[in-house]
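Biologist: I should like a close look at a single part of this protein. Please take one strand, describe its surroundings with care, and then place that strand within the wider chain.

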Amino acid sequence: MKLIDNWKQAWRLKSVQVGALSAFFYVLMYAAFELLWLFGSNFPQFWAAVPQELKELLPHSWVLWLGFLNNVLGVFARLKAQPELHTGVNQFVAITAGHSNTDPGAVNGNAKEADLVVNFRNAVAFYLREAGLQVKTDGTGTKNDPLSAAVKLIKGSSVAVEFHMNAAASKQANGIETIALPKDKELAQDLSKAVADALGSRLRGGNGWIDQSQSARGRLAFVSNGGLIVELGFISNPIELKKFNDKYWIAAKAVAKVLIDYEKALK
């Protein structure tokens with residue numbers, strides 16, 4: 001027989017507590033009936049004073065109402081979120097940077113996409129940790145692990161976000177977008193808006209959301225595994241690149257706030 005995860009903490013589950021309380025009342029009720037029987041056997045006068053209707057109704061009524069109460073409380077106990085029981089499970093935010101130390105991504109002069117998004121990743125992680133959230137990243141400092149390592153962080157996370165920058169042949173191309181599955185549409189829009197407002201840019205796609213199935217990039221491993229990819233602007237656009245370099249800490253703080261609010265809503 002396979003036990004549930006964190007079974008050693010099962011006593012903290014509300015459903016288990018309700019069940020134990022119910023069992024306690026059943027034992028208490030049984031003991032009470034035994035005492036009544038004892039009193040009835042040894043003290044006829046006492047037992048005779050108890051109305052017959054109560055003698056017949058009390059046991060059945062108690063069992064019925066206790067069973068009903070147990071079912072109702074069991075439902076509410078099951079519905080109540082208990083994030084404190086999920087230590088190590090869905091308790092961290094995964095923040096990763098696109099490309100890697102061996103893959104610079106898009107380049108504009110001396111600016112490399114991989115370097116820019118590492119800075120952004122570190123800034124977001126800083127604000128999340130400052131808020132008390134547990135964070136896992138695909139490297140610290142200038143380290144930027146490859147995609148395979150980033151994808152592994154998605155499993156077990158409450159939310160996983162990776163940062164990239166767009167590039168286009170036209171230097172006028174601009175805007176912020178987040179590629180995500182339909183289930184994460186609202187969060188994708190919130191993330192894009194946070195970046196766009198901070199950098200003074202515009203939203204692309206559906207108010208900042210790009211459905212992966214409609215993306216020219218096709219299926220992306222990070223998104224297919226449940227993550228979101230935020231495109232922080234166009235590195236090929238000199239104006240947008242300057243805005244990013246000047247204000248990325250502000251944008252990172254705005255992104256962190258969205259994720260902090262998202263985590264609070266989960267609880």
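Modeller: The following account starts from strand β6 and moves outward to its neighbours, the cores and the last helix. The model is predicted. Its protein chain holds eight helices and eight strands, and buried residues make up 38% of its 267 residues. Among the contacts with a separation of 6 or more, 78% are between residues 24 or more positions apart.

Strand β6 covers residues 177–180. E177 and I179 point one way from β6, while T178 and A180 point the other way. All four are buried. For E177 the relative accessibility is 3%, and E177 counts as buried because the cut-off is under 20%.

The strand has a partner in β8 and another in β7. With β8, which spans residues 228–234, β6 pairs in the antiparallel sense over three bridges. Within that pairing, E231 of β8 is the bridge partner of E177. With β7, β6 runs parallel, and three bridges join the two strands. Here I179 stands opposite I210 in β7. The chain passes from β6 through α6 to β7, and this β-α-β crossover is right-handed.

The side chain of E177 also takes part in a salt bridge. It meets the side chain of R204, with an N to O distance of 2.7 Å. E177 belongs to β6, whereas R204 sits in the loop between α6 (185–199) and β7 (209–211), so the pair ties together parts that are 27 residues apart in sequence. The two partners are set differently with respect to the surface: E177 is buried at 3% relative accessibility, whereas R204 is partly exposed at 24%. This is one of seven salt bridges found in a search of the whole structure.

On the β8 side, I229 shows what surrounds the strand. I229 lies in β8 and is buried, with a relative accessible area of 5%. Leaving aside residues up to four places away in sequence, I229 touches E177, T178 and I179 of the strand under discussion, along with E162, H164, L220, F222 and V223. I229 and A188 are separated by 41 residues in sequence, yet their C-alpha atoms are 8.5 Å apart in space.

The next step outward is the nonpolar interior. In soluble globular proteins, nonpolar side chains tend to be buried together. The largest nonpolar core here has 45 residues, of which F120, V124, L128, F163 and L259 touch the most other members. At least two residues of this core come from each of β1 (92–97), α4 (113–130), β5 (157–166), α6, β8 and α8. The greatest contribution is that of α8, with 10 residues. Apart from this core lies another, of 13 residues, including A94, A150, L153 and L220. L220 is also among the residues touched by I229.

F163 illustrates how the parts of the larger core come together. Not counting residues up to four places away in sequence, its contacts include I95, T96 and A97, as well as V117, F120, R121 and V124. F163 also touches V230, L232 and V255.

A polar contact accompanies this nonpolar packing. S158 lies in β5 and is buried, with a relative accessible area of 16%. The side chain of S158 makes a polar contact with the side chain of E263, at 2.6 Å.

Helix α8 (residues 238–266) completes the picture. Besides giving 10 residues to the largest core, α8 carries salt bridges along its own length. D246 and K242 meet through their side chains, at 2.7 Å from N to O. They are four residues apart in α8, about one turn of the helix. Both are exposed, D246 with a relative accessible area of 51% and K242 likewise with 51%. K257 forms a salt bridge with D261, where the closest N and O atoms are 2.9 Å apart. These two residues are also four residues apart in α8, about one turn of the helix. D261 counts as partly exposed at 36% relative accessibility.

To return to the strand itself, β6 has an antiparallel pairing with β8 and a parallel one with β7. Its residue E177 combines a bridge partner in β8 with a salt bridge to R204.

Note on methods:
Residues are numbered from 1 along each chain as its sequence is written. This is a predicted model: local features need pLDDT of at least 70, side-chain atom pairs count only at pLDDT 80 or more; totals for chains, interfaces and linings use all residues. Side-chain values use heavy atoms; hydrogens and water are left out. Buried means under 20% relative accessible area, exposed over 50%, partly exposed in between (1.4 Å probe, protein chains only). Contact means heavy atoms within 4.5 Å. A salt bridge is a side-chain nitrogen of Lys or Arg within 4 Å of a carboxyl oxygen of Asp or Glu. A nonpolar core is a set of buried Ala, Val, Leu, Ile, Met, Phe, Trp, Tyr and Cys residues joined through side-chain atoms within 4.5 Å. Two strands pair if DSSP finds at least two bridges between them. A crossover is right-handed if, with the strands pointing away from the viewer, the path from the first strand over the helix to the second runs clockwise. A polar contact is a pair of N or O atoms within 3.5 Å; within protein, one must be able to donate a hydrogen and the other to accept it, and residues adjacent in sequence count only if both atoms are side-chain atoms.
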